[in-house]
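The following exercises ask the reader to work through selected local features of a protein model. Please study the sequence and the structure before turning to the solutions.

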Amino acid sequence: MTRDGGIRRPVLAPHTRYRWDKVRKEHQLVFPEEMMLLNEPSAAIVKLCDGRSLEEIVAALKEMFPGAEPEDDVREFLGQLAERGLVNDAAAD
Amino acid sequence: MMPPPTELPRPRALLAEITYRCPLQCPYCSNPLELARYKSELDTATWVRVFEQAAELGVAQLHLSGGEPLVRRDILDLCRVARDCGLYSNLSTGATVADAKMIERLREAGLDHLQVSLLDTEPESNDRLAGAPSYDRKRDAVLTAKRIGFPVTLNVVLHRHNLERIGEVIDTAFAWGVDRLELANTQYTGWAFRNRAALMPTRAQVERARRVVDEKLAASTGRLDVVHVLPDYFEEFPKACLHGWGMVFMAVAPDGAALPCQTAREIPGLEFPNVRDSSLEEIWFRSDVFQRFRGTDWLPEPCRSCDRREIDFGGCRCQAYLMTGDATATDPVCHLSPQHHLIAEALAEAEKPAPPLAFRVMRT
């Protein structure tokens, strides 16, 4: 198994929601009893988890952050989210 | 009004206990023993105002709870308002008054997540503990919710009468297809403190349960998020109750009292502001009761000079009061507490046969 758990089409788990907190000006990934605070690149990744392929997510990030080589970071971050059950693989269902 | 102090944290979660009414009689309910004193419930318009103020204050998560929140006729309206305010909403239900249509409507109204309580995996035991036939309805509610793609947490409160079946609890969670399972050992406040001797498990039960959970989860391949809350009486250090008093959490009781913790009413001498009279912002930043145990300045020894003071903030205030009679004492769960012997005595009591349970009732 790869570090990203082999996810091909990441989607946020049904109990997980991305949320912009306008009071604190912060990106949040909210799920029951907890939340994860996201930095700008992580928030960008999470918002792209809509069922498109991992390759498409990487391509979109390259457009948003010119000069970045985000693939390894994307795989690692999505692997962490999948490990916690916050992201599922639409290709596996 | 003065602007809020910028150095203070803002709440992230609001527990809205929209009613204390409930068809069940769980003997470990966290509602007050004197339920009948708080019969006057906030109306819809006031709850709407509270949710709007909560969102403005920085609350991200709204827990709709009770009692049984589904007995409120305005529950769907309240869910819609939560969604419109941008709050992540969870509803905790006993599920006995939730038919399939109601569950579908909750989803349509924008509820994000459903939490269903189960008292035991043996139907007879579940129904006996709940004081009403309810196992079948709980199962049907979970299956209906999962059929329409509703995220569901199954919550099982653990104690000496069901801990032997913790393995079956995990099997049930997988069989019903829930997303999350909360294995929550009883917290001994409210009705649970009243019933402590009848509910407290033995050390052997607790250790076996821990082993069974580890083995079951290591052997499983399915997708299930398990939260296992160990009983704090068996721990070395107290829990960081709500991440500290007045730090991230506030509760509003059915009558509008704003509480730093849903069981804070057990501590005598505290005055709780009411959302009918004050805004959540005033209450959070300015009221005496939210400042009372906030941060570390109020801490007694041995907490004040302890390395863990920013980790557990002296533990649970309600537990400190219930066990020692002093709400400013170190939580006796801590092995450094001068009154830690009270925990040892309670655990010794648990090795004896259990007395009968007192069921939650609203005396009028």
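Five exercises follow, each with a worked solution.

The model is predicted, so that local features need pLDDT of at least 70 and side-chain atom pairs count only at pLDDT 80 or more, while totals for chains, interfaces and linings use all residues. Residues are numbered from 1 along each chain as its sequence is written, chains are lettered from A and ligands numbered from 1 in the order in which they are written, and side-chain values use heavy atoms, with hydrogens and water left out.

**Exercise 1. Describe the surroundings of B:Arg160.**

Step 1. Locate the residue. B:Arg160 belongs to the loop between strand S5 (152–158) and helix H6 (166–176) of chain B. Helices (H or I, at least four residues) and strands (E, at least two) are DSSP runs, numbered from the N terminus.

Step 2. Consider burial and charge. B:Arg160 is buried and has no salt bridge. The nearest side chain of opposite charge is that of B:Glu351, 7.4 Å away. Buried means under 20% relative accessible area, exposed over 50%, and partly exposed in between (1.4 Å probe, protein chains only). A salt bridge is a side-chain nitrogen of Lys or Arg within 4 Å of a carboxyl oxygen of Asp or Glu. For charge, Lys and Arg count as positive and Asp and Glu as negative, whereas His and the chain ends are not counted.

Step 3. List the neighbours. The side chain of B:Arg160 reaches the backbone oxygen of B:Met200 at 3.1 Å. Leaving aside residues up to four places away in sequence, B:Arg160 touches several residues, including B:Leu199, B:Pro201, B:Gln205 and B:Lys352 (contact: heavy atoms within 4.5 Å).

**Exercise 2. Determine which residues form one aromatic cluster with B:Phe293.**

Step 1. Begin with the search. Over all chains, the whole structure yields seven aromatic pairs. Rings of Phe, Tyr and Trp (its six-membered ring) pair if their centres lie within 6.5 Å; planes under 30 degrees apart count as stacked, over 60 as edge-to-face and the rest as tilted.

Step 2. Take one pair. B:Trp245 and B:Phe293 are edge-to-face, at 4.9 Å centre to centre and with 90 degrees between the planes. B:Trp245 lies in the loop between strand S7 (225–229) and strand S8 (249–252) of chain B, and B:Phe293 in the loop between helix H11 (288–291) and helix H12 (309–312) of chain B, so this pair ties together parts that are 48 residues apart in sequence.

Step 3. Take another pair. B:Phe293 and B:Trp298 are also edge-to-face, at 4.9 Å centre to centre and with 75 degrees between the planes. B:Phe293 is buried at 2% relative accessibility, and B:Trp298 is buried at 16%.

Step 4. Conclude. B:Trp245, B:Phe293 and B:Trp298 form one aromatic cluster. In addition, the charged end of B:Arg317 sits over the ring of B:Phe293, 5.9 Å from its centre. A charge sits over a ring if NZ of Lys or CZ of Arg is within 6 Å of the ring centre and within 35 degrees of the ring normal.

**Exercise 3. Examine salt bridges in both chains.**

Step 1. State the total. The search finds 25 salt bridges over all chains.

Step 2. Turn to chain A. A:Arg24 and A:Asp21 meet in a salt bridge of 3.0 Å, N to O. A:Asp21 is buried at 1% relative accessibility.

Step 3. Turn to chain B. B:Glu41 and B:Arg21 form a salt bridge whose closest N and O atoms are 3.0 Å apart. Both residues lie in the loop between strand S1 (13–17) and helix H1 (44–57) of chain B, so the pair ties together parts that are 20 residues apart in sequence. B:Glu41 is partly exposed at 24%, and B:Arg21 is partly exposed at 38%.

Step 4. Examine another bridge. The side chains of B:Glu182 and B:Arg180 meet at 3.3 Å, N to O. B:Glu182 is buried at 11%, and B:Arg180 is buried at 3%.

Step 5. Join the partners. Salt bridges that share partners link B:Arg21, B:Glu41, B:Arg72 and B:Asp74 into one network.

**Exercise 4. Where do the cis peptide bonds at B:Gly67 and B:Pro302 lie?**

Step 1. A cis peptide bond joins B:Gly66 and B:Gly67, with omega about 10 degrees. B:Gly67 is in the loop between strand S2 (61–65) and helix H2 (75–84) of chain B.

Step 2. The peptide bond from B:Glu301 to B:Pro302 is cis, with omega near 10 degrees. B:Pro302 is in the loop between H11 and H12 of chain B.

**Exercise 5. Is B:His243 buried or exposed?**

Step 1. B:His243 lies in the loop between S7 and S8 of chain B. Its phi is near 55 degrees, a positive value in a residue other than glycine.

Step 2. B:His243 is exposed, with a relative accessible area of 55%.

Note on methods:
Polar contact = N/O pair within 3.5 Å; in protein donor to acceptor, adjacent residues only side chain to side chain.
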